[in-house]
Amino acid sequence: MDDSAGDDQVKQPFLTTHHGVLYDADCLDILGRMRPEVVDTVFADPPFNLGKDYKNGYNDTVARAEYLAWCRKWILECCRILKPGGAFFLYATPELAVRFAQIMEERLKFRHWIALTMKGTYPRGNKLYPAHYALLYYTKGTPRVFNKLRLPIETCRHCGKELRDYGGHRDKMNSEGVNLTDFWVDTSPNRHKKFKVRPGVNELKMVIPERAILISTKPGDVVFDPFGGGGSTYQAAEKLHRNWIGTELYDSIHIRERLKENYSLFPAQEPRFEFEGLFTHEDKQDPVLRRIERQGVSARTVTHLS
Ligand SMILES: C[S@@+](CC[C@H](N)C(=O)[O-])C[C@H]1O[C@@H](n2cnc3c(N)ncnc32)[C@H](O)[C@@H]1O
C-alpha cells in the first residue's frame with residue numbers, strides 16, 4: 001500500500017521494528033483508522049502552543065480556541081482506542097492539564113495528577129515561579145494493570161552513603177526501595193545540546209514514558225504515542241518489550257536514528273505483533289468526533305499553519 005492508495009487505506013509505516021510501527025503522519029489520520037479498544041496505554045506529550053520553535057515547520061502558535069478544539073479531538077480519539085482498563089498518561093503544563101482533565105473526565109476515570117519537577121523555567125508576569133509539569137493519569141474504568149514501582153534508596157553520588165534516615169525506620173524498609181509517589185523529582189530534562197536527539201525537540205527524559213509503561217502494562221501489551229518528537233516513548237517501549245504504535249507528522253528521521261543507534265534497527269524489520277489488526281476501514285471515528293468534525297475544526301488547519 002502507498003499514500004496514493006486512497007483515504008480509507010492504512011498508510012504505509014515510516015518504519016517498523018520487532019515491537020513497533022511508526023507513521024510519519026498526522027496523528028488524527030492514523031487514529032481515525034484505528035479500531036476502538038485496541039491499545040493498552042496511551043502516552044501523549046503534545047505541543048503546548050507556547051510558540052516553541054520545533055525547527056520542523058510545526059506552528060506552535062495558533063488561536064487558543066483552535067488549539068483546544070484540536071486537543072479535544074485527539075484526546076477523545078485516544079480515549080476511544082483504549083481498551084477497557086487501559087491507561088492514558090498526558091503530559092502538560094498545569095494550565096493545560098486542567099483543560100485536558102475536563103475532556104478526559106468525559107470518558108475516563110481519574111487516577112493521579114503526577115507532579116514532575118521542572119527546572120530552568122522562568123516566571124511570566126505576575127505569576128508564581130512555575131516549578132512543575134503535570135502528568136495526568138486516567139484509566140478506562142478500573143485499571144487492568146497496575147504495577148507498583150519502587151525507586152532505589154537514594155545515595156550520595158560521591159561517597160555512596162544513604163541520604164536519608166527515614167525517621168529511624170530504615171531497618172523496616174523494603175530492600176527493593178521506596179514506593180514511587182505522585183511527585184517525581186528526577187525527571188527534569190537535560191537541557192544541554194549534547195543530550196538532545198534533535199535540535200528544537202524537548203524530548204522527555206526516557207524515565208517518564210518508561211515509568212508510565214511499567215505502571216500500566218505487561219510485556220506484549222500495546223502502547224500508543226501520537227506525538228513522536230525525539231522518540232523517547234518508542235525507545236522505552238522497545239526496551240521494555242511492549243509493542244508500540246507511533247505517529248510524528250514533521251520529522252521522523254531522528255526517531256529512526258535513535259532506534260537504530262539503540263537497537264541496531266534495520267529497515268523493514270518485521271513487527272512480531274499483528275499491528276494490521278488494530279486498524280479498520282469502517283469504524284473510522286466515534287460519534288462525538290463526527291459531531292466535532294461537523295462543527296468545522298480540522299487538525300490540519302491547526303498543525304499546518306505557517
Ligand atoms: C513535545 S514533542 C514530543 C516529544 C516526545 N515526547 C519526546 O520525548 O521525544 C511534540 C511533537 O508532536 C509533533 N506533532 C505536532 N502535531 C502533530 C500531529 N498532528 N500529528 C503527529 N505529530 C505531531 C511535533 O512535530 C513534535 O515533534
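**Entry 1: Val62.** I began with Val62, which in this predicted model lies in the loop between strand S3 (39-44) and H2. I then asked whether Val62 should be called buried, exposed or partly exposed. I counted 17 other C-beta atoms within 10 Å of Val62, and since a buried residue needs 20 or more and an exposed one has 12 or fewer, I entered Val62 as partly exposed. I also looked up its separation from Asn49, 13 residues apart from Val62 along the chain, and noted 6.7 Å between the two C-alpha atoms.

**Entry 2: the whole chain.** I noted eight helices and eleven strands in the protein chain, and of its 306 residues 35% count as buried. Turning to contacts between residues at least 6 apart in sequence, I recorded that 74% of them join residues at least 24 apart.

**Entry 3: the sheet.** I traced an open sheet of nine strands with mixed pairing, and wrote down the order as S1-S2-S11-S10-S3-S4-S6-S5-S9. Strand S1 (15-16) and strand S9 (183-184) are at the edges, and because each has a single partner strand, one side of each is left without a neighbour in the sheet. For S1, I found two bridges to strand S2 (residues 20-23), the two strands running antiparallel, and in this pairing Leu15 stands opposite Leu22 of S2.

**Entry 4: helix H3 on the sheet.** I next followed helix H3 (residues 94-105), which packs on the sheet and touches strand S4 (82-92), strand S5 (109-117) and strand S6 (132-139). The direction of H3 makes about 10 degrees with that of S6. With twelve residues, H3 reaches 16 Å from its first C-alpha to its last, which is close to the 16 Å expected at 1.5 Å a residue.

I then asked which residues of H3 are buried, and I listed Leu96, Phe100 and Met104. Seen down the axis of H3, the buried residues fall within an arc of 75 degrees, so they line one face of the helix. These buried residues pack against helix H2 (64-81), S4 and S6, whereas the face of H3 turned away from the buried side carries the exposed residues Pro94, Glu95, Gln102 and Glu105.

**Entry 5: the core.** Finally I looked up the largest nonpolar core, which has 58 residues. Those with the most contacts inside this core are Val42, Cys78, Phe88, Phe89, Tyr91, Leu135 and Leu136. I followed Leu135 further and, leaving out residues up to four places away in sequence, found that Leu135 touches Phe89, Tyr91, Ile114, Leu116 and Ile208.

Notes: Residues are numbered from 1 along each chain as its sequence is written. This is a predicted model: local features need pLDDT of at least 70, side-chain atom pairs count only at pLDDT 80 or more; totals for chains, interfaces and linings use all residues. Two strands pair if DSSP finds at least two bridges between them. Helices (H or I, at least four residues) and strands (E, at least two) are DSSP runs, numbered from the N terminus. Two residues are in contact if their C-beta atoms, placed from the backbone, lie within 7 Å. Axes are lines fitted to C-alpha atoms, for helices over the stretch in contact, and angles run from 0 to 180 degrees between N-to-C directions. A nonpolar core is a set of buried Ala, Val, Leu, Ile, Met, Phe, Trp, Tyr and Cys residues joined through C-beta atoms within 7 Å. The expected span of a helix is 1.5 Å times one less than its number of residues. The arc is that of the directions from the helix axis to the C-beta atoms.
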